[in-house]
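The following questions and answers explain why certain terms apply to the structure shown below. Each answer sets a value against its definition.

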Amino acid sequence: MHIKQLEIAGFKSFVDRSVIHFDHDVIGIVGPNGCGKSNIVDAIRWCMGEQSAKHLRGKAMQDVIFSGSESRSAHGMAEVTITFDNNDREAALALPIEYRDYADIAVTRRLYRDGTSEYEINKAQVRLKDITDLFLGTGVGTKAY
C-alpha cells in the first residue's frame, strides 16, 4: 500500500483543510523551520493509530488540535484522512479480506476537544482495533511508515 493523498484539518499548525498528493514515488517536503513539516509526519502517525501524545511531540492528545493564534480561534476538532492506493494485488493480500477489493482505502481519525475520538475506514465508523488490524502484515504502521 502506498499513500496516495493526505488530508489534514485542525491538526496542529494545519488550521484549514490541506491536501497533499503523493503522486510520485519520491516526495520531498521542504520549508523553513517552524512551517509544519514535522506536523505532516505526526498527522500520518496519528491517523494510523498512535496513542502516545509524547510520540506526537505533545503532553496530552488534545495538543494535536489547533489551539488558536492571534488571528484565528481554536478549533474544536482535528481530522486527518490518509488515502492509500490499493491497486497492487499482491500487497492487497496482506489486508483483511473485506478491504482487498477496494481500489483506494481511506483511513480517517477525528479527535474532539472533549476527548472523543472517531475512526473510519472508507467512511464507515470502526474501532481503533480495526485500524490496527488493517495494517497488520502490510509493513505499514505507526512505527513503520
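Q: Which residue is the bridge partner of Met 77 in E4?
A: The bridge partner of Met 77 in E4 is Tyr 112. The model is predicted, so local features need pLDDT of at least 70 and side-chain atom pairs count only at pLDDT 80 or more, while totals for chains, interfaces and linings use all residues. Residues are numbered from 1 along each chain as its sequence is written, and side-chain values use heavy atoms, with hydrogens and water left out.

Q: What makes E3 and E4 a pair of strands?
A: Two strands pair if DSSP finds at least two bridges between them. E3 and E4 pair over nine bridges, in the antiparallel sense, so the condition is met. Strands here are DSSP runs of E with at least two residues, and helices are runs of H or I with at least four, both numbered from the N terminus.

Q: How do you know that E4 and strand E5 pair as well?
A: Five bridges join E4 and E5 (residues 117-121), again in the antiparallel sense, so the pairing rule is satisfied. Arg 109 stands opposite Tyr 119 in E5. The hairpin of E4 and E5 has four residues between the strands, and Gly 115 takes a positive phi near 95° there.

Q: What makes E4 mostly covered?
A: Seven of the nine residues of E4 are buried. Buried means under 20% relative accessible area, exposed means over 50%, and partly exposed lies in between (1.4 Å probe, protein chains only).

Q: Why is H1 called largely enclosed by the rest of the structure?
A: Eight of the eleven residues of H1 are buried, so the helix is largely enclosed. Among them are Ile 40, Ala 43, Ile 44 and Cys 47. The buried residues of H1 pack against E1, E2, E3, E4 and H3. Just after H1, Gly 49 takes a positive phi of about 115°.

Q: Why is the aromatic pair of Phe 11 and Trp 46 called tilted?
A: Rings of Phe, Tyr and Trp (its six-membered ring) pair if their centres lie within 6.5 Å; planes under 30 degrees apart count as stacked, over 60 as edge-to-face and the rest as tilted. Phe 11 and Trp 46 are 5.3 Å apart centre to centre, with 45° between the planes, so the pair is tilted. Phe 11 lies in the loop between strand E1 (2-9) and strand E2 (18-21) and Trp 46 in helix H1 (residues 37-47), so the pair ties together parts that are 35 residues apart in sequence. Phe 11 counts as buried at 0% relative accessibility, and Trp 46 counts as buried at 0% too.

Q: Why is the aromatic pair of Phe 84 and Phe 135 called edge-to-face?
A: The angle between the planes of Phe 84 and Phe 135 is 65°, and the distance is 5.5 Å centre to centre; the pair is therefore edge-to-face. Phe 84 lies in strand E3 (residues 77-85) and Phe 135 in helix H3 (residues 128-135), so the pair ties together parts that are 51 residues apart in sequence. Phe 84 is buried at 1% relative accessibility, and Phe 135 is buried with a relative accessible area of 5%. The structure holds three aromatic pairs.

Q: How do you know that Lys 12 and Asp 42 meet in a salt bridge?
A: A salt bridge is a side-chain nitrogen of Lys or Arg within 4 Å of a carboxyl oxygen of Asp or Glu. Between Lys 12 and Asp 42 the distance is 2.6 Å, N to O, so the rule is met. Lys 12 lies in the loop between E1 and E2 and Asp 42 in helix H1, so the pair ties together parts that are 30 residues apart in sequence. Lys 12 counts as buried at 14% relative accessibility, and Asp 42 counts as buried at 6%. By this rule the count comes to twelve salt bridges.

Q: What makes Arg 110 a salt-bridge partner of Glu 79?
A: The closest N and O atoms of Glu 79 and Arg 110 are 2.5 Å apart, so they fulfil the definition. Glu 79 is in strand E3 and Arg 110 in strand E4, 31 residues apart. Both Glu 79 and Arg 110 are buried.

Q: Which residues join Glu 120 and Arg 110 in one network of salt bridges?
A: The side chains of Glu 120 and Arg 110 meet in a salt bridge (3.1 Å, N to O). Salt bridges that share partners join Glu 7, Arg 17, Glu 79, Arg 110, Glu 118 and Glu 120 into one network.

Methods:
Contact = heavy atoms within 4.5 Å.
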